[in-house]
Amino acid sequence: MKTILLIEDNSDIRENTCEILELAGYNVVTAENGKVGVEKALAAKPDLVICDIMMPVLDGYGVLHIFSRNPTLAGTPFIFLTAKTERSEFRKGMELGADDYLTKPFDESELLSAIEGRLKRFEQLDQTRTDYDLKSNGLEAFLDDAQTKLESLSADRKVHTIPKKQYIYAEGDQPLRLYFVKSGKIKTIKTNADGKEFITGIYEEGSFFGYLALLENREYTDSAVALEDSQLHYIPKEDFQQLLSGNRSVSQEFIRLLAGHVAEREQQLLTMAYGSLRRRVADTLLHLYTSAGEQVIKYSRDDLASMVGTATESLIRTLSEFKQDGLIEIAGSSIRILQPEKLRRAGW
């Protein structure tokens, strides 16, 4: 049963519309203003939203703006209810990403027809597939889904073997393709005038990388290097752009990736600016521990120091302190996390 979120401040319209939708077999969640509507959508994502424009607290445009910026809610079919018929109101809503309009007063058949049309269209666009298991042949499903809608798709799925320490692209290069890690590990780095390296990202099996420069249509601002022998899939730039413009599920996947990337960078900058060395080392170890899903972390001391943004000697000294505290074990290049919760609290 499809769930519809109905956001309407007029109680009579809200109750009457809710009754019609429930009789038509929909599960209906109601909200009396935009703020309550967004809160209910975040608690349980609806299949479609019907939203009034003129409301107290948060109007319909504000609701749609929040939906478009939230990776979980972005792409939800959105129908505006409005008593206004001015062309500027329609244009403003469509520019923000609304899918349809219903002008008050509307009849039952008009309402149900609009809902059925929106739901059917979105099912055809993406088959509601936005969760791909990229570590288990998910790339094939990801691209196969798009290929059913894009006859011209010609993504190169050949596996490219990249030896350890080889550059995949360098800062200043023009982006030509999207990369997907089939196996191995890739690091992205920035280097200052003195040649000191800072690691901006680690990409393991099941990860895409190199998409920021493609999306922004600019040169790479960092370099990508294989941390170990790796296997990559290359997706040509033109096909990636077709995927984004022609397949909603692909667009939503990259919205999710971008949102995660931005949040991670913000936290990284905050820690770099205000965190102590112990805090930065602990956070880096915990991040690697969480993303890998394994207790043992295997990186060279130089690479770990580049992630933290410190000298290798300072990193080694901090790791020794954590070892003495019984928080980690060290064997060669391997670090075993023994007590993640205590390590999280140890970074004073």
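How many disulfides does the count come to? Zero, by the rule that a disulfide is a pair of cysteine sulfur atoms within 2.5 Å. For reference, a disulfide is a covalent bond between the sulfur atoms of two cysteines. Select Cys-18 and Cys-51 anyway. Cys-18 is buried at 13% relative accessible area, and Cys-51 is buried too, at 0%. Here "buried" means under 20% relative accessible area, "exposed" means over 50%, and "partly exposed" is in between (1.4 Å probe, protein chains only).

Some ground rules before you click on. You're looking at a predicted model, in which local features need pLDDT of at least 70 and side-chain atom pairs count only at pLDDT 80 or more, while totals for chains, interfaces and linings use all residues. Residue numbers run from 1 along each chain as its sequence is written, and side-chain values use heavy atoms, with hydrogens and water left out.

**Stop 1: the whole chain**

Switch to cartoon. The protein chain carries 13 helices and 16 strands; these are DSSP runs numbered from the N terminus, with helices (H or I) of at least four residues and strands (E) of at least two. Of its 348 residues, 45% are buried. Taking contacts (heavy atoms within 4.5 Å) with a separation of 6 or more, 67% are between residues 24 or more positions apart.

**Stop 2: the largest nonpolar core**

Now select Leu-285, Phe-322 and Leu-343. They have the most contacts inside the largest nonpolar core, a group of 24 residues. A nonpolar core, as used here, is a set of buried Ala, Val, Leu, Ile, Met, Phe, Trp, Tyr and Cys residues joined through side-chain atoms within 4.5 Å. At least two residues of this core come from each of helix H10 (277-292), H11, H12, strand E16 (334-337) and helix H13 (340-346). H10 gives the largest share, five residues.

Center on Leu-343 and show what surrounds it. Setting aside neighbours within four places in sequence, Leu-343 contacts Arg-279, Ala-282, Leu-285, Leu-286, Phe-322, Leu-327 and Ile-337. There's also a second, separate core of 19 residues, with Ala-31, Ala-41, Val-49 and Leu-64 among them.

**Stop 3: helix H12**

Select 312-324, which is helix H12. Its 13 residues reach 18 Å from first C-alpha to last, close to the 18 Å expected at 1.5 Å a residue (the expected span is 1.5 Å times one less than the number of residues). Color Ser-314, Leu-315, Thr-318, Leu-319 and Phe-322: these are the buried residues of H12. Look down the helix axis and they fall within an arc of 135°, so they line one face of the helix; the arc is that of the directions from the axis to the C-beta atoms. Glu-313 and Gln-324 are exposed on the other side of H12. Just past the end of H12, Gly-326 has a positive phi of about 75°.

Step back to Thr-310, in the loop between helix H11 (301-308) and H12. Is Thr-310 buried or exposed? Thr-310 counts as buried, at 13% relative accessibility. Beyond residues up to four places away in sequence, Thr-310 touches Lys-196, Leu-277, Arg-280, Ala-305 and Leu-315.

**Stop 4: salt bridges**

Side chains of opposite charge can pair when their charged atoms come close. A salt bridge here is a side-chain nitrogen of Lys or Arg within 4 Å of a carboxyl oxygen of Asp or Glu, and the whole structure has eleven.

Show Asp-325 and Arg-278 as sticks; their side chains form a salt bridge at 3.9 Å, N to O. Asp-325 lies in the loop between H12 and strand E15 (328-331) and Arg-278 in helix H10, so the pair ties together parts 47 residues apart in sequence. Arg-278 is buried at 9%, whereas Asp-325 is partly exposed at 47%.

Next door in sequence, Arg-279 forms a salt bridge with Asp-283, closest N and O atoms 2.8 Å apart. Those two are four residues apart in H10, about one helical turn, and Asp-283 is partly exposed at 27%.

Jump to helix H2 (residues 34-43) for another pair with that spacing, Lys-35 and Glu-39. Their salt bridge is 2.7 Å, N to O. Lys-35 is partly exposed at 45%, and Glu-39 is partly exposed at 41%.
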